[in-house]
Amino acid sequence: MARFQRVVANSSLLLTVALLLGFSEAKEILVGGKTDAWKIPSSQSDSLNNWAESARFRIGDFLVWKYDSQKDSVLQVTREAYLSCNTSNPIEEYGDGNTKVKLDRSGAYYFISGAEGHCVKGQKMIVVVLSQRHRYTGISPAPSPAEFEGPAVAPTSAATSLKGSLVVSLGVLLWGLF
């Protein structure tokens, strides 16, 4: 019986470590999911905000843009500059054609095209990064960038189940140690 308890405890420990490492790994995320996504959208459904609403972004992830640096750039801007398509005073300006931005805090990030007239035609994007308390709740829906003004979305029942599973795994681990 003691040997079985050690096997269960060791298995639980490995499962718990694997789960924690899998959830905490930073990712490089290609904007729009494809190389040529940073462009004026052909329709509202082609908007990068639609893509961003369906994706999950976590602190430590990187956004990657691939575009023609001779024709375009990426500007990280304030909410106000995003809404008015003001390119005059960006927080950051990227123009290398292979832009990589680290998401180092929770909340909204605002990006617009630096090419004249592109932002007003819809070439812009809001990315909402989940807070640390939601780090392990990749199942919950992301807030709509168009509506983002307040706190991050509360965990769902699926997130509660995941936390419960981790608690059970830790309980089995501790039970096996004694």
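This report covers the fold, the two sheets and the salt bridge of a predicted model.

## Overall architecture

The chain contains four helices and eight strands. Read from the N terminus, its elements follow the order α-β-α-β-β-β-α-β-β-β-β-α.

The chain has 178 residues, and 40% of them count as buried. Its accessible surface is about 10,100 Å², with 56% of that area belonging to carbon and sulfur atoms. Among contacts with a separation of 6 or more, 69% are between residues 24 or more positions apart.

## The five-stranded sheet

One open sheet is formed by five strands, arranged in the order β2-β8-β7-β4-β5, with mixed pairing. The edges are taken by β2 (57-58) and β5 (92-94); each has a single partner strand, so one side of each has no neighbour in the sheet.

At the β5 edge, the pairing with strand β4 (residues 74-77) is antiparallel and runs over three bridges. Within this pairing, Gln 76 has Glu 92 of β5 as its bridge partner.

## The three-stranded sheet

A further open sheet consists of three strands in the order β1-β3-β6, and here too the pairing is mixed. Strands β1 and β6 are the edge strands, each pairing on one side only. From one strand to the next, the twist averages 25°.

Strand β1 pairs with strand β3 (residues 62-66) in the parallel sense, over three bridges. Ile 29 has Leu 63 in β3 as its bridge partner.

## The salt bridge

How many salt bridges does the model contain? The count comes to one. It joins the side chains of Glu 28 and Lys 100, with an N to O distance of 2.5 Å. The two residues lie in distant parts of the chain, 72 residues apart: Glu 28 belongs to strand β1 (residues 28-30) and Lys 100 to strand β6 (residues 98-102). Both of these strands are edge strands of the three-stranded sheet.

Are the two partners buried or exposed? Glu 28 counts as exposed because its relative accessibility is 52%, and the cut-off for that class is over 50%. Lys 100 has a relative accessibility of 44% and therefore counts as partly exposed, the class that lies between the buried limit of 20% and the exposed limit of 50%.

Methods: Residues numbered from 1 in each chain as written. Predicted model: local features only at pLDDT ≥ 70, side-chain atom pairs only at ≥ 80, totals over all residues. Heavy atoms only, no water. Salt bridge = Lys/Arg side-chain N within 4 Å of Asp/Glu carboxyl O. Buried < 20%, exposed > 50% of the residue type's maximum accessible area, 1.4 Å probe, protein only. Pairing = 2+ DSSP bridges. Axes fitted to C-alpha atoms, helices over the stretch in contact; angles between N-to-C directions. Contact = heavy atoms within 4.5 Å. Areas by Shrake-Rupley, 256 points an atom, 1.4 Å probe, with all protein chains shown as cover.
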